[in-house]
Amino acid sequence: MRGEIVSLLMLAGGAGLAAGCGGGGTAPPPPPPPGSTVTMAKASTSGDGQAGPSGTTLPNPLRVVITQSGLPVAARGVFWTITPAGGAVNPASGPTGSDGIAQTFVTLPGFATTSTITATSQGVTGSPVSFTAFSTGASLQVTVAVVNDAFQPSDFQLKQGGTVSFVWGTGSVLHTVTPVAPNTIPVSPGDPATQSAPFNFNAVFPATGTFAFFCRTHGSATSGMHGEITVVP
């Protein structure tokens with residue numbers, strides 16, 4: 001009798017174990033699909049690193065491509081911006097095409113400088129993507145935006161006899177334009193007194209040379225809010 005009881009218990013335990021192993025548990029959820037990724041188009045067609053005369057439109061568009069698992073993603077919005085002020089992008093935003101590519105054309109600032117063009121797509125890995133463009137040749141007229149807390153552009157060329165207009169941006173407060181000695185230009189009226197928007201002034205550069213400047217409140221001759229103008233013949 002004892003042997004029969006032991007055998008029954010073993011059979012019952014085995015049946016319970018089998019029921020536990022093969023029970024109705026739920027399977028784990030599948031892993032999420034991979035996200036989208038934005039990159040420059042292949043090097044030969046990305047448009048990065050172009051140069052042109054100041055104020056002109058670059059011949060080749062800048063192009064990014066958005067993919068998911070190696071396949072193009074259509075209708076994903078891409079937004080374009082350019083710095084320093086004075087340049088333009090067209091269009092400033094737009095969707096990717098069926099090939100996953102979005103593009104824009106760049107008009108360079110009207111002065112010699114290096115521009116950074118940024119493509120942003122919200123929620124996409126690798127965003128933003130930055131391009132570089134170079135405008136060559138000096139201009140007789142440049143506008144510098146005085147904003148919190150930067151000069152835009154801060155480093156550029158100007159033709160001898162040219163004029164630089166310093167214009168305080170909306171909401172820009174407590175700034176100066178102060179020349180680095182021994183230069184006496186450019187200088188904001190009333191310096192060292194600060195100025196707040198709306199405010200602007202012009203500075204004429206009759207001689208060639210390098211003219212560094214800074215904001216007394218937010219920079220120094222070599223750091224912070226500062227800039228440099230190179231006047232060429």
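User: Helices are DSSP runs of H or I with at least four residues, and strands are DSSP runs of E with at least two, numbered from the N terminus. How many helices and strands does the chain have on that basis?

Analyst: In this predicted model, the chain has one helix and 17 strands.

User: How do you know how confident the predictor is in the chain, and where does pLDDT stay under 50?

Analyst: Confidence in each residue is given by pLDDT, on a scale from 0 to 100. The mean over the chain is 88, and 88% of the residues reach 70 or more. Residues 1-22 stay under 50 throughout, and the model has zero contacts for them beyond four places in sequence.

User: What makes S2 and S9 pairing partners of S10?

Analyst: Pairing requires at least two bridges between two strands. Strand S2 (residues 50-53) shares four bridges with S10, in the parallel sense, and strand S9 (residues 113-120) shares seven with S10, in the antiparallel sense. Both strands therefore count as paired with S10. Ser 135 of S10 appears in both pairings: Gly 52 stands opposite Ser 135, and Ser 135 is also the bridge partner of Thr 113.

User: Which residues of S10 form the covered face, and which the uncovered one?

Analyst: Strand S10 spans residues 129-136. The covered face holds Val 129, Phe 131, Ala 133 and Ser 135, while Ser 130, Thr 132, Phe 134 and Thr 136 make up the uncovered face. In a regular strand, side chains alternate between the two faces of the sheet.

User: Why is Ala 119 called buried, and what does Ala 119 touch?

Analyst: Ala 119, in strand S9, has a relative accessibility of 2%. Buried means under 20%, so Ala 119 qualifies. Beyond four places in sequence, Ala 119 touches Val 64, Val 78, Phe 79, Trp 80, Ser 127, Pro 128, Val 129 and Phe 131. Val 129 and Phe 131 belong to the covered face of S10.

User: Why does Ser 165 count as buried, and what makes its approach to Asn 202 a polar contact?

Analyst: Ser 165 lies in strand S13 (residues 155-168). Its relative accessible area is 13%, and the limit for buried is under 20%, so Ser 165 is buried. A polar contact requires a pair of N or O atoms within 3.5 Å; the one joining the side chains of Ser 165 and Asn 202 is 2.7 Å. Ser 165 is also in contact with Gln 141, Val 142, Thr 143, Val 144 and Phe 201, among residues beyond four places in sequence.

User: Why is the pair of Trp 168 and Phe 201 called tilted?

Analyst: The structure holds eight aromatic pairs. For Trp 168 and Phe 201, the ring centres are 6.2 Å apart and the planes meet at 55°. Rings pair when their centres lie within 6.5 Å, and planes that are neither under 30 degrees nor over 60 count as tilted, so this pair is tilted. Trp 168 lies in S13 and Phe 201 in strand S15 (residues 200-204), so the pair ties together parts 33 residues apart in sequence. At 5% relative accessibility Trp 168 is buried, and Phe 201 is buried at 7%.

User: What makes the pair of Phe 205 and Phe 211 edge-to-face?

Analyst: Their ring centres are 5.2 Å apart, with the planes at 75°. Planes over 60 degrees apart count as edge-to-face, so the pair is edge-to-face. Phe 205 is buried at 0% relative accessible area, as is Phe 211 at 8%.

User: Which residues have the most contacts inside the largest nonpolar core, and which strand supplies the largest share of this core?

Analyst: This core has 20 residues, and Phe 151, Val 164, Phe 166, Phe 205 and Ile 229 have the most contacts inside it. S11 (139-147), S13, S15, S16 (209-219) and S17 (224-232) each supply at least two residues, and S13 gives the largest share, five. Val 164 touches residues including Val 142, Phe 201, Phe 205 and Ile 229. A second, separate core of 19 residues includes Val 38, Val 64, Ala 102 and Ala 133.

Note on methods:
Residues are numbered from 1 along each chain as its sequence is written. This is a predicted model: local features need pLDDT of at least 70, side-chain atom pairs count only at pLDDT 80 or more; totals for chains, interfaces and linings use all residues. Side-chain values use heavy atoms; hydrogens and water are left out. Contact means heavy atoms within 4.5 Å. Buried means under 20% relative accessible area, exposed over 50%, partly exposed in between (1.4 Å probe, protein chains only). A polar contact is a pair of N or O atoms within 3.5 Å; within protein, one must be able to donate a hydrogen and the other to accept it, and residues adjacent in sequence count only if both atoms are side-chain atoms. Rings of Phe, Tyr and Trp (its six-membered ring) pair if their centres lie within 6.5 Å; planes under 30 degrees apart count as stacked, over 60 as edge-to-face and the rest as tilted. A nonpolar core is a set of buried Ala, Val, Leu, Ile, Met, Phe, Trp, Tyr and Cys residues joined through side-chain atoms within 4.5 Å.
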